[in-house]
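Visitor: I am new to this structure. Could you show me how to read it, feature by feature?

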Amino acid sequence: MDTLRVRDAKDVEEAVRAAIANEQPLEIIGHGSKRAIGHTMATNAVLDISALNAVTSYEPNELIVTLQAGAPLADVLSLIDAKNQQFAFEPMNTAPLLGASATGTIGGMIAAGLAGPRRIRAGGARDHLLGAHAVSGFGDSFKTGGKVVKNVTGYDLCKLLAGSWGTLSVMTEVTLKVMPKPEAERTLLLRGLDDAVANKAMTAALGSPYDVSGAAHLPKSAFRARTDELGDIAAQDEALTVLRLEGITASVSHRAGSLRELLAPFGTATLVEDAASSALWATVRDVLPFAAGGALAAWPVWRIVCPPASGAALGTQLARETGGEVIYDWGGGLIWAALPPKADAHASAVRQRTSAFGGHATLIRAAEDVRRGVDVFHPQAPGLAALSERVRASFDPKSILNRGRLKRDATA
Amino acid sequence: MAIMMPASDQAVLARRAEIVAALRAIVPGEGVIDTPAEMRAYESDGLTAYRQPPMVVVLPDTTEQVSLILKYCAGQGIKVVPRGSGTSLSGGALPLEDGVLLGLGKFKRIREIDFDNRVVVTEPGVTNLAISQAVAHAGFYYAPDPSSQIACSIGGNVAENSGGVHCLKYGMTTNNVLGCEIVLMSGEILRIGGKGCENSGYDLMGVITGSEGLLGVITEITVRILQKPETARALMVGFAEVEAAGECVARIIGAGIIPGGMEMMDKPAIHAAEAFVHAGYPLDVEALLIIELDGPKIEVDELITRVETIANACGSTTCQISTSEAERNLFWAGRKAAFPAVGRISPDYLCMDGTIPRGALPKALARIRELSEKYQLGCANVFHAGDGNLHPLILYDANKPGEIERAEAFGADILRACVEFGGVLTGEHGVGIEKRDLMGDMFTEIDLDQQQRLKCAFDAQGLLNPGKVFPTLHRCAELGRMHVHAGKVAFPEIPRF
């Protein structure tokens with residue numbers, strides 16, 4: 001394996017230009033924390049951006065932070081936390097689920113675009129990336145967006161970079177929106193609901209004016225794999241339906257009262273506050289019941305996005321048919337499914353059911369030999385797939401960057 | 001006309017009658033307009049300084065018709081300019097002499113309201129406000145609220161990534177759109193996204209939003225709807241200095257408060273608005289902030305107190321707090337009427353739309369004052385202060401020789417200053433033709449080449465809305481060519497291990 005450790009954007013340009021000349025594709029890595037997601041890449045040359053790790057500027061009053069792409073996510077979170085700010089999209093820490101040791105870099109966070117529970121209210125990584133400098137597969141540095149929230153100057157290429165898994169460009173510097181942390185957080189907790197009823201409860205909560213910032217359901221079965229992080233909350237081994245409220249203290253208390261009344265038909269909600277509440281939501285965000293260190297370590301894990309009100313119908317069907325476990329986030333719009341080991345990770349069943357509900361499924365954790373045999377990312381309709389390929393080629397015509405990561409048939 | 005548009009294709013113009021007939025075969029009856037008198041309504045959009053009658057207007061009412069029109073035009077090498085309600089302030093829908101103007105005004109149906117998934121599926125010709133009205137009975141609304149919301153279409157909103165007073169808290173169009181049906185220039189119909197939170201694959205919805213009608217023609221849109229906040233109250237705060245008002249904005253945000261809206265007006269704008277609507281604005285202040293808090297009553301009351309404390313600490317000279325809906329609406333009346341109010345004090349005005357970092361506000365206003373002196377033209381400023389989006393209104397008289405040119409040069413200098421201060425050319429009105437030739441002040445050739453290559457992925461012939469956004473048009477083949485870099489094969493001097 002050949003590793004190039006770049007120090008600045010100029011190095012990245014040179015590395016990509018050399019790769020073009022040598023027809024040698026590059027695997028782009030930061031900390032390598034999400035390397036196990038996607039297909040095995042058709043290269044053994046690595047472009048390591050982890051040394052591009054500076055904080056270019058942090059302006060709390062402007063609500064922006066500009067970072068080199070290799071800046072460690074954990075360090076950046078501490079930096080902005082010290083000013084009582086956060087990334088509102090609640091980026092997932094994939095390390096526990098994948099069994100990785102690092103939490104990754106800012107670049108990886110954006111390239112993967114894995115937002116947490118607050119996605120339903122605050123948007124995803126794509127909504128918080130204001131600007132980027134990147135090196136395309138032409139070996140040229142370009143910029144897109146800017147350092148201000150409101151900007152419609154030219155195409156919004158930031159949207160494409162977020163969630164592109166490093167296949168369009170090598171990001172070298174990014175500007176992200178930061179938001180104030182809420183003063184208080186409270187979680188209403190309903191016990192013992194089946195998936196369908198829980199989905200209805202979440203729909204009612206999200207359709208209320210109480211500004212719910214998290215709506216998740218952990219069915220009883222998922223707790224066979226529960227971890228200590230849930231502590232006393234999960235001791236009774238029942239299904240938990242959780243709804244989060246955030247904001248100024250008086251408002252949160254008031255809304256908690258109103259929401260509890262609204263949810264009365266579904267049972268009497270109990271209140272979980274502050275630290276316990278945030279531990280609970282970290283559990284949901286990082287899908288800890290399916291963690292690599294837990295009982296389901298050997299099970300493949302799917303991440304399924306679907307219309308929220310259809311979540312329970314899809315999730316229960318998948319769990320029943322495969323004997324698997326599911327967790328619902330985003331009010332039912334995100335399903336994490338851990339399914340019993342099988343050569344194809346139940347891909348055909350998952351894809352067929354998910355497509356029928358208008359969703360899409362990504363095989364987020366599976367052994368390499370399993371990933372070799374199935375599509376990790378949801379196959380698109382032919383016209384859309386062809387457009388996506390043209391879009392990819394408009395950034396990287398020689399397919400130098402992360403070749404084959406997104407598509408199985410491109411690995412040849 | 002100061003802006004050069006792509007040269008007209010005489011061969012296409014010579015075949016006009018044939019083209020009209022072909023379009024009539026696709027869209028029968030009144031859906032094809034080709035008389036000069038009837039086409040006059042389409043010769044400009046909200047940027048009325050620029051006018052150009054199109055070759056022909058076609059108003060399809062089905063996706064299939066849109067597809068057939070585009071396929072025909074692509075096959076014949078005919079340019080197409082899409083148009084929604086025609087309220088663009090940057091000339092995004094300015095017709096071309098040799099182009100088909102494709103109006104989406106007949107796509108007026110809301111296709112589905114899905115409260116459980118909190119989405120509305122709508123055709124692009126539906127107005128922004130009509131979406132909110134259609135779901136109001138259940139307490140929902142569509143959050144982005146451009147000031148033209150009574151007239152502007154949701155399709156145009158997607159094309160321009162429209163903002164509005166409330167986008168500080170609730171985001172722009174791009175943050176509130178989930179999916180679409182789009183017809184490419186080839187006539188191919190694609191569906192992107194849906195009712196889920198995220199699309200599969202690359203975020204094409206994200207890049208189509210704000211693409212100013214250059215990538216495809218949208219025929220259906222899925223938008224997110226939200227529950228209306230329980231209540232809203234506003235503060236109207238006056239300052240003796242612009243700097244103090246800017247400081248107040250920074251401190252409110254710094255205190256972790258994101259108001260529903262936070263607007264600033266300078267003295268000329270305050271005076272014009274007050275003379276027009278009599279909202280009770282203080283006339284002896286240099287800057288006025290209107291700050292709206294929304295949410296549960298208990299939260300709004302608490303935040304009003306906190307904001308008032310901050311305003312006092314920043315040296316506010318007047319502070320009124322709304323105690324009723326009528327009063328809140330009165331505070332807003334002047335701001336919302338600021339443009340027509342300025343229209344009363346000046347025969348003509350140009351509305352600019354740059355964004356700057358919030359902290360650069362005093363610097364930017366000082367620069368605008370200098371430029372106002374230099375160009376000998378007045379300027380009133382309204383400002384989405386919370387997100388740094390500046391709307392200087394340059395006052396001029398089109399009947400006085402040379403004034404429009406001076407006004408345009410003044411405007412261009414303001415936008416260049418925005419870029420100089422770390423901001424951008426346009427916050428919400430779009431590039432269109434208005435700021436097209438300034439793109440080089442913000443982007444390098446390489447930046448723009450990458451954007452145009454993306455355009456090629458959607459429209460390889462460059463027939464959809466050419467002459468907008470990009471100052472120079474390149475052929476796709478030329479853009480796709482790999483540069484041969486000097487020292488290309490030499491291995492880079494990078495640490496390796």
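Guide: We will go from the whole chain down to one helix. Keep in mind that this is a predicted model.

Visitor: How many helices and strands does chain A have?

Guide: Chain A has 14 helices and 18 strands.

Visitor: How does the radius of gyration of chain A stand against the globule rule?

Guide: The globule rule gives 22 Å for 412 residues, and the radius of gyration of chain A is 21 Å. The two values are close, so chain A is as compact as a globular protein of that length. For the outline, take a box along the principal axes: the C-alpha atoms fill roughly 65 × 50 × 35 Å.

Visitor: What share of chain A counts as buried?

Guide: Burial depends on neighbours: 20 or more other C-beta atoms within 10 Å make a residue buried. In chain A, 64% of the 412 residues pass that test.

Visitor: And what can contacts tell me about sequence separation?

Guide: Start with contacts between residues at least 6 apart in sequence. In chain A, 73% of these join residues at least 24 apart.

Visitor: Which domains make up chain A?

Guide: The division is into domain 1 (48-180), domain 2 (184-288) and domain 3 (298-373). The C-alpha centres of domain 2 and domain 3 of chain A are 22 Å apart.

Visitor: How many residues do domain 2 and domain 3 of chain A bring into contact?

Guide: Domain 2 of chain A brings 17 residues, and domain 3 of chain A brings 15. On the domain 2 side, α8 (195-206) and β12 (212-218) of chain A each supply at least two residues. The largest share there is 7 residues, from α8(A). By class, that side has 12 nonpolar, 4 polar and 1 charged residues.

Visitor: What does chain A put into its contact with chain B?

Guide: Chain A gives 80 residues, and chain B gives 86. The chain A side divides into 34 nonpolar, 28 polar and 18 charged residues.

Visitor: Now the single helix. How far does α9 of chain A reach?

Guide: Helix α9 of chain A covers residues 249-262, which is 14 residues. From first C-alpha to last, α9 reaches 20 Å, close to the 20 Å expected at 1.5 Å a residue.

Visitor: Which residues of α9(A) are buried, and what do they pack against?

Guide: The buried ones are A:S251, A:V252, A:H254, A:R255, A:A256 and A:L259. Their partners in chain A are β11 (184-191), α8, β13 (240-247) and β14 (270-273). From chain B, β14 (287-295) and α11 (297-313) also take part.

Key: Residues are numbered from 1 along each chain as its sequence is written. Chains are lettered from A and ligands numbered from 1 in the order in which they are written. This is a predicted model: local features need pLDDT of at least 70, side-chain atom pairs count only at pLDDT 80 or more; totals for chains, interfaces and linings use all residues. Helices (H or I, at least four residues) and strands (E, at least two) are DSSP runs, numbered from the N terminus. The radius of gyration is taken over C-alpha atoms; the globule rule is 2.2 Å times the number of residues to the power 0.38. A residue is buried if 20 or more other C-beta atoms lie within 10 Å of its own, exposed if 12 or fewer, and partly exposed in between; C-beta atoms are placed from the backbone. Two residues are in contact if their C-beta atoms, placed from the backbone, lie within 7 Å. Ala, Val, Leu, Ile, Met, Phe, Trp, Tyr, Cys and Pro count as nonpolar, Asp, Glu, Lys and Arg as charged, and the others, Gly among them, as polar. Domain bounds come from an automatic or database domain assignment. The expected span of a helix is 1.5 Å times one less than its number of residues.
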